[in-house]
Amino acid sequence: DPSALRELYATGSTQGTAKNNSQSVIQFLGQYADNADLKEFYYLFASELSVDAVSYRGPDTGLSGVEASLDIQYVTAMGAKVPTLFWSNPNEGNMEPFLNWLADLANTTSPPLVISVSYGDDEASATAKYLDRLNAEFMKAGVRGITIMFASGDSGVGEKAAGVAGACSRFGPDIPAALPSVTAVGGTELAEIIVGAEVCAGLSGGGFSEHFQRQPWQGDAVAAYLAKHNASLPAPTYYNANGRAYPDVAAMAMNFVVVVNLIPTPGVAGTSAASPTYAGVIALLNDARLNAGKKPLGPLNQLLYHWGKTEPGVFHDITSGSNPGCGTDGFHAKAGWDPATGWGSPNFPNMLKAALALP
């Protein structure tokens, strides 16, 4: 529940107070949320919060769904009292209309400063042209100072089209998580049920894009991982070691309790829990910066990898577990950055100090 998460990441009773701060969760595939569920969730788990901080945009006509409820309940529990937009999009079949939503975002005069999205597709299902366009649109959002975080996927390293006799021969990266222009959030779980050390959750999406090249800002970290842990890596034929590596960071992704249709639903899992959790923490960092007369953090990736090198204490480094798939162990979580949990989960007090030290 939220209090355990706030204890784990040491946000404590920190709440947003900056009037010009904002955060948002984006929904596709006919996923809606209900204010009554949100009220019940706060009543049970976060009595200091109120639905007054939440506004709605887009269609919201169906029954509330687990995904939508998870997103809005946990982004507001972590980014406490930060003005929050629940933004849903028309249901357009089995693919998320990311470009339509990005066009709406481009036309929004005061966009949310931190955005979390828990939807994705197989990179292999998209054309090169589509991937490049999608990446360009997310970059445009970044230029406007918007932080965009995506769940990294729930299939570990994933599986590309089956090879001989149905055997898997290539990992299947997840998009938009594998795009260089967004921050991908992987998943962790607790080694013990009580609040303790985090390990990589087996479902944590991670690996290497088949389309985008490894980015300059992550070059050292990725090269160090590949060189140092060569013995435990999957066979090189499974992945493109020169691709954009992800996730960038990670957060808890197991055993979430969500209120859906007024019923508390335990055991909800996925990086779709990790992304809004991390986004709420980033919104609190923005809050402190805005109150100090500074700009919001904006696109995070270059900063995260810089912090990984110079301020590693801003993260809880995840060093055990892996993200299996395709008949392999996937990638193992190790000290420093890894393609299972990125740099790790947030250590809020240290991260806040580092964020406020920036110009």
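In which loop does Leu-262 lie? In this predicted model, Leu-262 is placed in the loop between β13 and β14. Leu-262 has a positive phi of about 70°, although the residue is not a glycine. With a relative accessible area of 48%, Leu-262 is partly exposed, because that class covers values between the 20% limit for buried and the 50% limit for exposed residues.

The two strands that flank this loop form a hairpin with 2 residues between them. Strand β13 comprises residues 256-260 and strand β14 residues 263-268; they run antiparallel and are joined by 4 bridges. Val-260 of the hairpin has Ile-263, in β14, as its bridge partner. Within the turn, Asn-261 also adopts a positive phi, of about 50°. As a general feature, side chains in a regular strand alternate between the two faces of the sheet.

A further positive phi, of about 65°, is found at Lys-81, which is likewise not a glycine. Lys-81 is located in the loop that connects α3 (66-78) with β3 (84-88). The relative accessibility of Lys-81 is 40%, so that this residue counts as partly exposed.

Cis peptide bonds were also examined. The bond from Ile-175 to Pro-176 is cis, with omega near 0°. Pro-176 occupies the loop between β7 (174-175) and β8 (183-190). The bond from Tyr-246 to Pro-247 is cis as well, with omega near 5°. Pro-247 belongs to the loop between β11 (243-246) and β12 (249-252).

At the level of the whole chain, the secondary structure amounts to 9 helices and 16 strands. The radius of gyration is 19 Å, close to the 21 Å that the globule rule gives for 359 residues, and the chain is therefore as compact as a globular protein of that length. The C-alpha trace spans about 55 × 45 × 40 Å along its principal axes. Of the 359 residues, 57% count as buried. Among contacts with a separation of 6 or more, 81% are accounted for by residues 24 or more positions apart.

The surface and charge distribution complete the description. The accessible surface of the protein chain is about 13,900 Å², and 54% of this area belongs to carbon and sulfur atoms. The chain carries 20 positive and 32 negative charges, and the mean positions of these two sets are 11 Å apart.

Conventions
Residues are numbered from 1 along each chain as its sequence is written. This is a predicted model: local features need pLDDT of at least 70, side-chain atom pairs count only at pLDDT 80 or more; totals for chains, interfaces and linings use all residues. Side-chain values use heavy atoms; hydrogens and water are left out. Two strands pair if DSSP finds at least two bridges between them. The radius of gyration is taken over C-alpha atoms; the globule rule is 2.2 Å times the number of residues to the power 0.38. Buried means under 20% relative accessible area, exposed over 50%, partly exposed in between (1.4 Å probe, protein chains only). Contact means heavy atoms within 4.5 Å. Accessible areas come from the Shrake-Rupley method with a 1.4 Å probe; for residues, only the protein chains shown count as cover. Lys and Arg count as positive and Asp and Glu as negative; His and the chain ends are not counted. The place of a charge is taken as NZ of Lys, CZ of Arg, CG of Asp or CD of Glu.
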